[in-house]
Structure formats: structure tokens, C-alpha cells
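Here are some notes for a colleague opening this structure for the first time. Please keep the sequence and the 3D view side by side while reading.

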Amino acid sequence: MAGCSIVFLMMAWPFFLVVGVLYVALEAAATVVTSPAFPWLVISVVLTTVGSIWAAVKAWNYWKNREIETPTVKDFVPILVLYAIAFITFCIAVWFAGVAILGMYNSQT
């Protein structure tokens, strides 16, 4: 009878592993969403999206109207500044998320 329970445990181990990993991931996500990291992450995503759309529009206009002059790096400086600000806000979000996740694990021990 003992061998049967060991076999069952070995067969169910992948399921328990997936459930455990999902639990840890959801706990970490809930901690990040309720922490000060979330607004910084949203700001970073919005700025990156706006910069990407802006760059795509510039590239599309150049491809569609080839009679205009070739875009230079100077034309993309505002987009690069937007990406730099998005990167800085992402770094701030990662910092706050790390503090929140470490605080979550320190409070459970």
C-alpha cells in the first residue's frame, strides 16, 4: 500500500510544481500591483508605447512619401528622450518591486 502512495505522489508531482509556481507568481504579481511600483511601471509602458508609435509613424511617412528627405538622428531625438525617460521610470519600478517582493518574503518568515 505504501508503494501505491509513492507512485501517486510521483505522478502528481508535476501538478503540484505547476500549482506552486503559479501561486508564487500570483503572490508576487499581487504584491507588485499593490506596491508603489505599479504606477511607475504603467508610466514606463505608456511612454514606450507612445515612442514606438511615434517612430513607426515617422518611418511610415518616409516610406510612403519617398520624395521627402531621409530622416536623420536629429529627427528622432524627441523619441530617444521619451525612451530614456521610460527606461528611468522602468528602473524605478523595478526598484520598488524588488523592495515590495523582499518585504513580502521577509514578513512571511
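The points below go through the helices and some residues in them.

1. **Status of the model.** This is a predicted model. Please read each value below as computed from that model.

2. **Helix α1 and a surface patch.** Helix α1 covers residues 2–33. V19 is in this helix. Is V19 buried or exposed, or in between? Its relative accessible area is 41%, so V19 is partly exposed. V19 also belongs to a nonpolar surface patch. The other members are L9, W13, F15, F16, L17 and V21. The patch has an area of about 730 Å².

3. **A29 and A97.** A29 is another residue of helix α1. It counts as partly exposed because its relative accessibility is 37%, between the 20% and 50% cut-offs. A29 and A97 are 68 residues apart along the chain. Their C-alpha atoms are separated by 9.3 Å.

4. **The length of helix α2.** Helix α2 runs over residues 37–64, which makes 28 residues. How far apart should its ends be? At 1.5 Å a residue, the helix should span 40 Å. The C-alpha atoms at its ends are 40 Å apart, so the model agrees with the expected span.

5. **The buried side of the list.** Which residues of α2 are buried? They are A37, S44, L47, G51 and A55. S44 comes up again in the contacts of T89.

6. **T89 in helix α3.** Helix α3 covers residues 77–108, and T89 is found there. T89 has a relative accessibility of 7%, under the 20% cut-off, so it counts as buried. What does T89 touch, leaving out residues up to four places away in sequence? Its contacts are W40, I43 and S44. S44 is itself among the buried residues of α2.

7. **V46 and A86.** V46 has its place in helix α2. With a relative accessibility of 46%, V46 counts as partly exposed. V46 and A86 are 40 residues apart along the chain. The distance between their C-alpha atoms is 8.2 Å.

8. **K58 and its contacts.** K58 is also found in helix α2. Its relative accessible area is 28%, so K58 is partly exposed. Not counting residues up to four places away in sequence, K58 touches D75, F76 and I79. One of these, D75, is 17 residues from K58 along the chain. The C-alpha atoms of K58 and D75 are separated by 8.9 Å.

9. **Aromatic pairs.** How many aromatic pairs are there? The count comes to two, with ring centres within 6.5 Å as the rule. One aromatic pair is formed by W60 and W63. Their ring centres are 5.3 Å apart, and the planes make an angle of 35°. That pair is tilted.

10. **Where W60 and W63 sit.** Both residues lie in helix α2, three residues apart, or about one turn of the helix. An α-helix has 3.6 residues a turn, so residues three or four places apart point the same way. W60 counts as partly exposed, at 47% relative accessibility. W63 counts as exposed because its relative accessibility is 51%, over the 50% cut-off.

11. **W60 and S44.** W60 lies in helix α2. It is 16 residues from S44 in sequence. How far apart are W60 and S44 in space? Their C-alpha atoms are 24 Å apart.

Note on methods: Residues numbered from 1 in each chain as written. Predicted model: local features only at pLDDT ≥ 70, side-chain atom pairs only at ≥ 80, totals over all residues. Heavy atoms only, no water. Patch = residues over 30% accessible without salt bridge, like charges linked within 9 Å, V, L, I, M, F, W, Y side chains within 5 Å. Areas by Shrake-Rupley, 256 points an atom, 1.4 Å probe, with all protein chains shown as cover. Salt bridge = Lys/Arg side-chain N within 4 Å of Asp/Glu carboxyl O. Helix = DSSP H or I, 4+ residues; strand = E, 2+ residues; numbered from the N terminus. Buried < 20%, exposed > 50% of the residue type's maximum accessible area, 1.4 Å probe, protein only. Expected span 1.5 Å × (residues − 1). Phe/Tyr/Trp six-rings, centres within 6.5 Å; stacked < 30°, edge-to-face > 60°. Contact = heavy atoms within 4.5 Å.
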